[in-house]
Amino acid sequence: MAVIRGIIAQLVKANGQLRPHVLEAKNKTGDLKLISPQVGKDLMAKCLQVLEKTCIIIDGLDECDKDGRAEVISLFTRLAEAQNDAVPGSLRILFISTDEADIRKPLSKAVSIALKGRDNFSEMQDYARVWAKQIQELHNLTDQKTEEIVSKVMKRADGKLSRTYLFGVT
């Protein structure tokens, strides 16, 4: 439900024409916070039907428990199939996750790309430098100390991002 609520909130923020549909669901059910899974799923489907083209990115699937992963994958692949049967190419979903068997199996038909930490090393380093510079300014650190922070962050990141998968569902 947290994923559904988050995505609906982002869709409404990006496209105001969805507000009436959210208000209608709230008024019909009295379910202001989308506590009911069925109301959330129905509202998500309605929002996607209203929009011409939607791209959804779900990152960190591997951080959910196995039941949560299965539920999210199942829901969003069903939504993608239904939407794309009605209007081909109208919904694209990108799942970003580490390589886990229970994630890989239900997404075996999806296009997947394996990334290793070194594949995006320079982007991670640039990001670390931006934040280290802010820390430097806040605490009056030397350039040498700032580079030490970047170096430590990169050593930790390289080990953690050993393999990430991007699964594209259309």
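## Asp-99 and Arg-104

A salt bridge here is a side-chain nitrogen of Lys or Arg within 4 Å of a carboxyl oxygen of Asp or Glu. Asp-99 and Arg-104 form such a pair, and their closest N and O atoms are 2.7 Å apart. Please keep in mind as you read that this is a predicted model.

How accessible are these two partners? Asp-99 has a relative accessibility of 26%, so it counts as partly exposed. Arg-104 is also placed in the partly exposed class, because its relative accessible area is 36%.

## The overall layout

Let us step back to the whole chain. The protein has 170 residues, and 32% of them count as buried. It contains 7 helices and 4 strands, and these follow one another along the sequence in the pattern α-α-α-β-α-β-α-β-α-α-β.

Many of the contacts bridge long stretches of sequence: among contacts with a separation of 6 or more, 75% are between residues 24 or more positions apart. On the outside, the protein exposes about 11,100 Å², and carbon and sulfur atoms supply 54% of that area.

## Salt bridges within helices

How many salt bridges does the structure hold? There are 5. Side chains of opposite charge can pair when their charged atoms come close. Besides the pair described at the start, two others sit inside helices, and they are worth a look on screen.

Helix α2 covers residues 19-29 and holds both Glu-24 and Lys-28, which lie 4 residues apart, about one turn of the helix. Their side chains meet in a salt bridge, with 3.3 Å from N to O. Glu-24 is partly exposed because its relative accessibility is 41%, while Lys-28, at 66%, counts as exposed. Helix α7, residues 143-160, contains Lys-145 and Glu-148, 3 residues apart and again about one turn of the helix. The side chains of Glu-148 and Lys-145 form a salt bridge with an N to O distance of 3.6 Å. Relative accessibility is 33% for Glu-148, so this residue is partly exposed; Lys-145 is partly exposed too, with a relative accessible area of 39%.

## Another lysine in α2

Lys-26 is also found in helix α2. Its relative accessibility of 30% means that Lys-26 counts as partly exposed. Lys-26 and Leu-43 are 17 residues apart along the chain, and their C-alpha atoms are separated by 9.8 Å.

## The nonpolar cores

Now to the interior. The largest nonpolar core has 27 residues, and the members that touch the most others are Leu-11, Met-44, Ile-56, Ile-58, Phe-76, Ile-93 and Phe-95. Two or more residues of this core come from each of α1 (2-14), α3 (37-50), β1 (54-59), α4 (66-86) and β2 (91-98). Which element gives the largest share of this core? That is α4, with 6 residues.

Met-44 is a good place to start exploring. Setting aside neighbours within four places in sequence, Met-44 is in contact with Ile-4, Ile-7, Ile-8, Leu-11, Phe-76 and Leu-79. Apart from the largest core lies another one, of 5 residues, which include Met-124, Ala-128, Ala-132 and Met-154.

## Helix α6 and its two faces

Which residues of α6 are buried? They are Met-124, Ala-128, Ala-132 and Gln-136. These residues cover an arc of only 110° around the axis, and therefore they lie on the same side of α6. The face turned away from this buried side carries the exposed residues Tyr-127, Glu-137 and Leu-138.

The length of α6 can be checked as well. With 19 residues at 1.5 Å a residue, α6 should span 27 Å, and this agrees with the 26 Å between its end C-alpha atoms.

## Where α6 ends

α6 is followed by Asn-140, a residue in the loop between α6 (121-139) and α7. What is notable about its backbone? Asn-140 has a phi near 50°, a positive value in a residue other than glycine. Is Asn-140 buried or exposed? Asn-140 is exposed, because its relative accessible area is 71% and the exposed class takes values over 50%.

Key:
Residues numbered from 1 in each chain as written. Predicted model: local features only at pLDDT ≥ 70, side-chain atom pairs only at ≥ 80, totals over all residues. Heavy atoms only, no water. Buried < 20%, exposed > 50% of the residue type's maximum accessible area, 1.4 Å probe, protein only. Core = buried A, V, L, I, M, F, W, Y, C linked by side-chain atoms within 4.5 Å. Contact = heavy atoms within 4.5 Å. Areas by Shrake-Rupley, 256 points an atom, 1.4 Å probe, with all protein chains shown as cover. Expected span 1.5 Å × (residues − 1). Arc of directions from axis to C-beta.
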